[in-house]
Every structure is written in C-alpha cells, then in structure tokens.
Amino acid sequence: MVESERLSGIYVIPSYENSKIWFGVLFVRSGIYNGAVFRFNILLPDNFPEDKSLPSVVFQNEIFHPLICPYSGTCDLTFAFQEWRKGVDHIWQILKLVQVIFADISESTKYTTKYSNTEAAELLGSNFEKFAEKAIECVNLSKEKIYDPPSSNDPHFIAFENFQEDIHRPVIEKILQKKDIIEKPNVPSIWACLGSKKENSRL
C-alpha cells in the first residue's frame, strides 16, 4: 500500500532494533515551511495493527505549528483519525497527513479546534506574517542541523553527510548510468525490501 502511493519527499525505515519504531525524514517542498528538513519518529502500539490506539508521530526538530506540541514534538493526528481501524487505516495515510500539515497549514488546521500549540494557532489566525516569520525560523534551524551527529546508534537511523567528491561522485555516476533501469516498474522499491507484499499491505 505504501509503495503504490509513490510518496515523494518523505522517507521512513523501521528501526533495526525495534520494528515498532520507525525513523523518518520529511523534505518540505511547498508552503511556508518550504525547504525544511524535519526528522520524526513513528511509534507503533505494541499490538499494532490490531490495537485501536493510534501510532504516534514525534518530531525531533523544534517546530512552531498549531498541531505539534512545542514540548514533546508530538503531532496531533486525532483530527483525521479517531481510532486505528485495521484494514482501513494505513501508515501511508499518516505519511501523507504529515506532508499536508506543512504544505497547506490553513487547510489542515481548519477541521479542529483542539490545538497542541495554542500560541501558534492564535498567531496563525491573528497575524499570519508573524506566524510565517516563526515558521521560517524553524526552517532555517532545521537546515543547520542536517549534518548533526546521529542521535541514535541504531544502524537504520537516517544520517546525512557533507558531499565528499571521492566517495559520493562514483555513486552518483552509477545511479545516472542505471537511470533507465531504476525507472522500470518492476524494480523493487525500498518498501518492497522491508517485507513481503502481505506485510506491506497491512501498513
């Protein structure tokens, strides 16, 4: 299900040590948060997907947003999900929701009066210019932290390095040479590598 949606600009992978924890990175490509690189974790309930409790999305960056708690970084999903419904709700829907709350903040906040950050909600409604300034501060701060040392020793933690010509240039050239192969529909994506089709259909 996740693979079929062909989500772009957002990447997730389960922890090597704990399959209930997923590491994620979002590259925001539109809206007032455009250019931001936000890290987040998805925490799945112990009995997922049978458990009706919602997965949690917790951002690792400081983000000024009405739907994100300024203290814990937890994103409020309840305006879109009341409870988790096995076979109906899927992880890809959460990933799309994460994209939408940054790409179109007005649309994503108009369906709730319950805000995790009341200051952000009030400023969004009363002084959009000031709100945008704070949002841009978050964008700039996220860029400054892209190359910070990994906060986890987990082998699957998504880390970034500064470009090194001798290491990364050969990789780029190989990718470009095999571009026609990559674009073929039968090439497995990262999602197909994470488990069987049966398992992915549950996410």
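## Fold, core and cavity of a predicted model

From the N terminus on, the elements of the protein chain follow the order α-β-β-β-β-β-α-α-α-α-α-α-α-α. The model is a predicted one. The secondary structure comes to nine helices and five strands. Of the 203 residues of the chain, 39% count as buried. Among contacts between residues at least 6 apart in sequence, 57% join residues at least 24 apart.

### The sheet

The strands form an open sheet of five, in the order β1-β2-β3-β4-β5, with antiparallel pairing. Its edge strands are β1 (10-14) and β5 (74-75), each of which pairs on one side only. Strands of a sheet pair through backbone hydrogen bonds, in either a parallel or an antiparallel sense.

Strand β3 pairs with β2 in the antiparallel sense over seven bridges. Four bridges join β3 to β4, and these two strands also run antiparallel. Strand β3 is mostly covered, with six of its seven residues buried.

Individual residue pairs show how β3 is set between these partners. The bridge partner of G24 is F40 in β3, and V25 stands opposite R39 in β3. Towards β4, F40 stands opposite F59.

### Nonpolar cores

The largest nonpolar core has 41 residues. Those with the most contacts inside this core are Y33, F40, I42, V57, F59, F102 and F131. At least two residues each are supplied by β1, β2, β3, β4 (56-59), α2 (91-103), α4 (118-126) and α5 (128-144). The largest share comes from α2, which gives eight residues. A second, separate core of seven residues includes F23, V37, I146 and I158.

I42 is one of the residues with the most contacts inside the largest core. Not counting residues up to four places away in sequence, I42 touches V12, K20, I21, W22, P55, S56, V57, I91 and L95. F40 and F59, which stand opposite each other across β3 and β4, are likewise among the residues with the most contacts in the largest core.

### The cavity

The structure holds one cavity of 30 Å³ or more. The volume of the largest cavity is about 40 Å³. Its lining consists of F23, G24, R39, F40, N41, Q60, F157 and I158. The elements that give two or more residues to this lining are β2 (21-27) and β3 (37-43). Strand β3 gives the most, with three residues. By class, the lining has four nonpolar, three polar and one charged residues.

Several lining residues also appear in the features described above. G24 and F40, both in the lining, are bridge partners. F23 and I158 line the cavity and are included in the second core. F40 lines the cavity and is listed among the residues with the most contacts in the largest core.

### Loop residues

Three residues lying in loops merit separate description. F81 is placed in the loop between β5 and α2. Because its relative accessibility is 7%, under the 20% limit, F81 counts as buried. Leaving aside neighbours within four places in sequence, F81 is in contact with L54, D89, Q93, I94 and L97.

D104 lies in the loop between α2 and α3 (105-109). With a relative accessible area of 36%, D104 is partly exposed, because this value falls between the limits of 20% and 50%.

P49 is found in the loop between β3 and β4. A cis peptide bond joins F48 and P49, with omega at about 5 degrees.

The table gives C-alpha separations for F81 and D104.

| Residue pair | Separation in sequence | C-alpha to C-alpha distance |
|---|---|---|
| F81 and Q93 | 12 residues | 10.0 Å |
| D104 and G31 | 73 residues | 6.1 Å |

### Summary

Strand β3 recurs in this account: the strand pairs with β2 over seven bridges and is joined to β4 by four. The same strand gives three residues to the lining of the largest cavity and supplies at least two residues of the largest nonpolar core. Helix α2 provides the largest share of that core, eight residues.

Technical notes. Residues numbered from 1 in each chain as written. Predicted model: local features only at pLDDT ≥ 70, side-chain atom pairs only at ≥ 80, totals over all residues. Heavy atoms only, no water. 1 Å grid on protein atoms, 1.4 Å probe; cavity = no way out; pocket = protein on both sides within 12 Å on 5 of 7 lines; lining within 4 Å. Points joined across faces, edges and corners; volume = space filled by probe spheres on them. Nonpolar A, V, L, I, M, F, W, Y, C, P; charged D, E, K, R; others polar. Pairing = 2+ DSSP bridges. Core = buried A, V, L, I, M, F, W, Y, C linked by side-chain atoms within 4.5 Å. Buried < 20%, exposed > 50% of the residue type's maximum accessible area, 1.4 Å probe, protein only. Contact = heavy atoms within 4.5 Å.
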